[in-house]
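Please read the following explanation with the coordinates open beside it, moving from the interior to the open spaces and then to the backbone.

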Amino acid sequence: MRYGISAGAILVNEQNQILLVHHYQKDKFDFWVPPGGSLEGVESIYDCAKREVFEETGLQVELGQILYIQEFWEADYHFCKIFLLGNIEKGQLTIENKPPGEDWLVDARFFSKEELSELTVFPEILKDQFWQDLEDQNWKTKYLGLEKLKF
C-alpha cells in the first residue's frame with residue numbers, strides 16, 4: 001500500500017469569489033479544485049500549499065487554519081488531502097509557473113457561488129456549506145470523509 005499527503009489552499013478574494021484551478025484531460029477528467037498538491041521532501045503542509053499555490057496560480061499566500069480534511073483510496077493507494085484557509089498576499093493570476101508535465105492543469109480562476117453550480121467541483125462542500133461558513137465566518141475544521149478515487 002502506498003500513502004500520500006496533499007495540501008491545498010482555500011482562497012477568497014475581495015469580491016467573495018473562490019480561487020479554483022481546472023484539471024482537464026480529454027475523455028478522462030474535467031473538474032475544478034482549490035490549488036494544491038502533494039508534499040515534497042520534508043515540506044510541511046503549509047510549505048507545500050504555498051508552493052503549490054504559486055506554481056498553479058502565480059500567487060503568494062499567507063495560510064491559517066485547517067478547514068477541511070479529506071481521505072481518498074484506491075486498490076493500492078491511500079492519501080489525505082488537507083485544505084488550509086489562506087489570504088492572497090501578492091502576485092498575478094497565471095498558470096505559467098506550473099511544473100513541466102502538468103499539462104492537465106489548464107486554467108485558474110475566481111468563481112462566485114452561483115458560477116459553481118454548473119461545474120464539477122471538489123471538494124463538493126465548496127458548492128454549498130462553504131458559502132454559509134464564509135458568510136458566518138464559521139471556520140471550524142471539518143472532516144469530509146473517506147471516498148474512493150473517482151479518476
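Which residues have the most contacts inside the largest nonpolar core? In this predicted model, that core has 17 residues, and those with the most contacts inside it are Ile10, Ile18, Leu20, Tyr68, Leu116, Leu126 and Phe130. The elements that give two or more residues to this core are three strands, S2 (18-25), S5 (59-74) and S6 (77-91), together with helix H2 (129-136). Helix H2 gives the most, with 3 residues.

Ile10 is a useful place from which to look into this core. Leaving aside residues up to four places away in sequence, Ile10 touches Ile18, Pro34, Leu67, Tyr68, Phe83, Leu84, Leu85, Gly86, Leu126 and Phe130. Apart from this core lies another, of 13 residues, among them Ala7, Leu11, Ala49 and Leu59.

The cysteines can be treated next. A search of the whole structure finds 0 disulfides, and Cys48 accordingly is in no disulfide, the nearest cysteine sulfur, that of Cys80, being 12 Å away. A disulfide is a covalent bond between the sulfur atoms of two cysteines. Why does the sulfur of Cys80 make no bond with the closest cysteine sulfur, in Cys48? The two sulfurs are 12 Å apart, which is too far for a bond, given that a disulfide is taken here as a pair of cysteine sulfur atoms within 2.5 Å. As for its surroundings, Cys48 is buried, with a relative accessible area of 0%.

From the interior we turn to the open spaces. Rolling a probe the size of a water molecule over the atoms shows where empty space is left. The largest pocket has a volume of about 790 Å³ and is lined by 31 residues, of which His23, Phe31, Phe79, Lys81 and Leu149 lie nearest its centre. Two or more lining residues come from each of strand S3 (29-33), strand S4 (36-38), helix H1 (45-57), S5 and S6. By class, the lining of this largest pocket has 15 nonpolar, 6 polar and 10 charged residues.

The second largest pocket has a volume of about 150 Å³, and its lining is made of 13 residues, of which Val12, Leu85, Gly86, Asn87 and Trp139 lie nearest the centre. Strand S1 (2-11), S5, S6 and H2 are the elements that give two or more residues to the lining of this second largest pocket, which by class has 8 nonpolar, 4 polar and 1 charged residues. Leu85 and Gly86, named here beside the centre of the second largest pocket, are also among the residues that Ile10 touches.

What remains concerns the loops and the backbone. Gln15 is placed in the loop between S1 and S2 and is exposed, with a relative accessible area of 54%. The C-alpha atoms of Gln15 and Phe111 are separated by 9.4 Å, although these residues are 96 residues apart along the chain.

Where does the chain hold a cis peptide bond from Phe122 to Pro123? Pro123 is found in the loop between strand S7 (105-111) and H2, and the peptide bond from Phe122 to Pro123 is cis, with omega near -10°. Asp27, in the loop between S2 and S3, has a positive phi of about 65° although it is not a glycine, and at 77% relative accessibility Asp27 counts as exposed. Gln137, placed in the loop between H2 and strand S8 (142-148), likewise has a positive phi, of about 55°, without being a glycine, and at 52% relative accessibility Gln137 also counts as exposed.

How values were computed
Residues are numbered from 1 along each chain as its sequence is written. This is a predicted model: local features need pLDDT of at least 70, side-chain atom pairs count only at pLDDT 80 or more; totals for chains, interfaces and linings use all residues. Side-chain values use heavy atoms; hydrogens and water are left out. A nonpolar core is a set of buried Ala, Val, Leu, Ile, Met, Phe, Trp, Tyr and Cys residues joined through side-chain atoms within 4.5 Å. Buried means under 20% relative accessible area, exposed over 50%, partly exposed in between (1.4 Å probe, protein chains only). Helices (H or I, at least four residues) and strands (E, at least two) are DSSP runs, numbered from the N terminus. Contact means heavy atoms within 4.5 Å. On a 1 Å grid over the protein atoms alone, a cavity is a set of points where a 1.4 Å probe fits but cannot get out, and a pocket is an open set with protein on both sides within 12 Å along at least five of seven lines; lining residues have an atom within 4 Å of a point. Grid points are joined across faces, edges and corners, and a volume is the space filled by probe spheres set on the points. Ala, Val, Leu, Ile, Met, Phe, Trp, Tyr, Cys and Pro count as nonpolar, Asp, Glu, Lys and Arg as charged, and the others, Gly among them, as polar.
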